[in-house]
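Colleague: I should like to learn how to read the features of a structure. May we go through one together?

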Amino acid sequence: MEISFQSAPENTVTVGQSATEILYALGLSERVSATSVWFNPVLPEFSEVNAKIERLADNDPSFESVVSRRPELVAVQYEWHIGPTGSVASREQFHELGINTYVMPADCDTKDNSTGGDGTRIAAFSPEHVYKGIHELASIFDVAEDGDALVADLQAREAEAVETAQRLALPEDLSAMFWFSSPNESADPYAAGRLGAPGYMMDVLGIRNVVESDEEWPVVGWESIARADPDIIVVASMDRRRFPADDVENKLEFLHSDPVTREMSAVRNGRIVEMDAHAMSATMRTIFGLEALVEALSTMPFEQ
């Protein structure tokens with residue numbers, strides 16, 4: 001979808017933490033009037049500017065609350081919030097009011113969101129899709145040089161993390177699973193499919209994902225995961241409380257107490273990694289999640 005601007009937007013509402021933090025990182029916080037859909041606290045370097053910006057909702061904002069801020073642009077992280085069947089509205093509903101919308105390409109490129117839920121990847125996610133979004137937002141706001149600098153910094157951090165992992169001499173056929181959440185602590189988990197952001201992390205580090213689905217976050221039975229017996233379990237930490245298992249402490253309690261999961265080698269050998277939930281989505285923070293995973297691997301015992 002083509003969008004055009006006579007000048008850089010002065011008033012933007014964000015629906016999604018990813019778009020918000022990218023705008024902050026581009027030095028555009030003064031152009032953001034309101035925000036919504038947050039999983040984790042804002043990056044520390046943006047805490048002061050973020051405190052001045054209205055939070056419409058931690059989860060889905062209403063269409064009316066977004067429109068009432070009279071934005072020139074609504075910057076969106078997930079198409080399922082603002083898209084053909086958006087929970088907030090369709091893009092056309094905003095465009096009819098003269099409000100432009102921009103959806104981050106990391107949620108559109110290589111992804112089919114018509115399948116419902118969190119969508120299905122038709123090809124593997126790459127940080128290049130995040131970098132594309134940074135460049136496009138920088139173009140919209142006429143700060144291309146700042147976009148180039150941000151992308152260069154993220155690319156350097158990505159390369160350094162991969163090089164550090166290569167020096168670790170990790171065991172061959174190392175396997176893992178990423179657990180985002182569950183409807184409740186004992187329900188089957190929403191586990192990362194092989195083509196999303198966690199799949200990218202595992203792929204560049206030479207780790208095998210025991211979940212082979214192309215869905216972004218398929219529901220996978222604990223018994224199936226236990227049979228696959230991943231060497232590492234990465235659990236999402238978040239402030240959101242839509243489900244009881246959003247709480248990382250509930251996840252850890254379940255893993256150590258359930259008669260099936262407590263016998264998994266990752267649990268028995270202390271190979272559980274906590275990671276910001278936002279890093280498990282296709283966002284700028286995916287690079288930070290990669291760094292956190294490499295740091296955890298550097299101290300992790302692999303002796304049985």
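**Reading helix packing and burial**

Modeller: Let us begin with a pair of helices, bearing in mind that this model is predicted. Helices α5 and α6 cross in a right-handed manner.

Colleague: At what angle do α5 and α6 pack, and how far apart are their axes?

Modeller: The angle between α5 and α6 is about 160°, and their axes lie 8 Å apart. Angles over 145 degrees count as roughly antiparallel. That is why α5 is described as roughly antiparallel to α6.

Colleague: Which residues of α5 and α6 meet?

Modeller: From α5 come P127, E128, Y131, I134, H135 and A138. Their partners in α6 are A144, G147, D148, L150, V151, L154, Q155 and E158. Sorted by class, the contact of α5 with α6 comprises eight nonpolar, three polar and three charged residues.

Colleague: Is there a general idea that helps in reading such lists?

Modeller: There is. An α-helix has 3.6 residues a turn, so residues three or four places apart point the same way.

Colleague: How should I read α6 and α11?

Modeller: The approach is the same. The axes of α6, residues 144–166, and α11, residues 285–298, come within 9 Å and cross at roughly 20°. Angles under 35 degrees count as roughly parallel, and α6 and α11 are therefore roughly parallel to each other. Their crossing is left-handed.

Colleague: Which residues of α6 and α11 make this contact?

Modeller: In α6 they are L154, R157, E158, A161, V162, T164 and A165, and they meet I287, F288, L290, E291 and V294 in α11. This contact of α6 with α11 has eight nonpolar residues, one polar and three charged.

Colleague: What of α7 and α11: at roughly what angle do they cross?

Modeller: Helix α7 spans residues 197–204; its axis and that of α11 come within 10 Å and cross at roughly 45°. The two helices are therefore oblique to each other. Here α7 passes α11 in a right-handed crossing. The residues in contact are A197, Y200, M201 and V204 of α7, with T286, I287, G289, L290 and L293 of α11. Seven of these residues in the contact of α7 with α11 are nonpolar, two are polar and none is charged.

Colleague: Let us turn to burial. Is A152 buried, partly exposed or exposed?

Modeller: The reading rests on relative accessible area: under 20% is buried, over 50% is exposed, and values in between are partly exposed. A152 is found in helix α6. With a relative accessible area of 39%, A152 is partly exposed.

Colleague: How may burial be read for a whole helix?

Modeller: One counts its buried residues. In helix α1, residues 17–25, eight of the nine residues are buried, so α1 is largely enclosed by the rest of the structure. The buried residues of α1 are Q17, S18, A19, T20, E21, I22, L23 and Y24.

Colleague: What covers the buried residues of α1?

Modeller: The cover includes β1 (12–15), β2, α2, β4 (73–76), α5 and α11. After α1 comes G27, with a positive phi near 75°.

Colleague: Which residues other than glycine have a positive phi, and where do they lie?

Modeller: V37 is one of them, with a positive phi of about 65°. V37 lies in the loop between β2 (32–36) and α2 (47–50), and at 4% relative accessibility V37 counts as buried. D142 also has a positive phi, near 60°. Its place is in the loop between α5 (127–140) and α6. D142 is exposed, with a relative accessible area of 68%.

Colleague: Which residues touch the most other members of the largest nonpolar core?

Modeller: That core has 65 residues, and I134, L137, F178 and L293 touch the most other members. Helix α11 gives the most to this core, with seven residues. Leaving aside residues up to four places away in sequence, F178 touches several residues, including Y190, W217, M275 and L293. A second, separate core of 19 residues includes M177, A191, A245 and L252.

Colleague: In which strand is S175, and what does S175 touch?

Modeller: S175 is in strand β8, residues 175–181. Its relative accessible area is 2%, and S175 is buried. Setting aside residues up to four places away in sequence, S175 touches I207, R208, V210, D229, P230, D231 and I232.

Notes
Residues are numbered from 1 along each chain as its sequence is written. This is a predicted model: local features need pLDDT of at least 70, side-chain atom pairs count only at pLDDT 80 or more; totals for chains, interfaces and linings use all residues. Side-chain values use heavy atoms; hydrogens and water are left out. Axes are lines fitted to C-alpha atoms, for helices over the stretch in contact, and angles run from 0 to 180 degrees between N-to-C directions. Helices (H or I, at least four residues) and strands (E, at least two) are DSSP runs, numbered from the N terminus. Angles under 35 degrees count as roughly parallel, over 145 as roughly antiparallel, 65 to 115 as roughly perpendicular and the rest as oblique. A crossing is left-handed if the near helix is turned anticlockwise from the far one by less than a right angle, and right-handed if clockwise. Contact means heavy atoms within 4.5 Å. Ala, Val, Leu, Ile, Met, Phe, Trp, Tyr, Cys and Pro count as nonpolar, Asp, Glu, Lys and Arg as charged, and the others, Gly among them, as polar. Buried means under 20% relative accessible area, exposed over 50%, partly exposed in between (1.4 Å probe, protein chains only). A nonpolar core is a set of buried Ala, Val, Leu, Ile, Met, Phe, Trp, Tyr and Cys residues joined through side-chain atoms within 4.5 Å.
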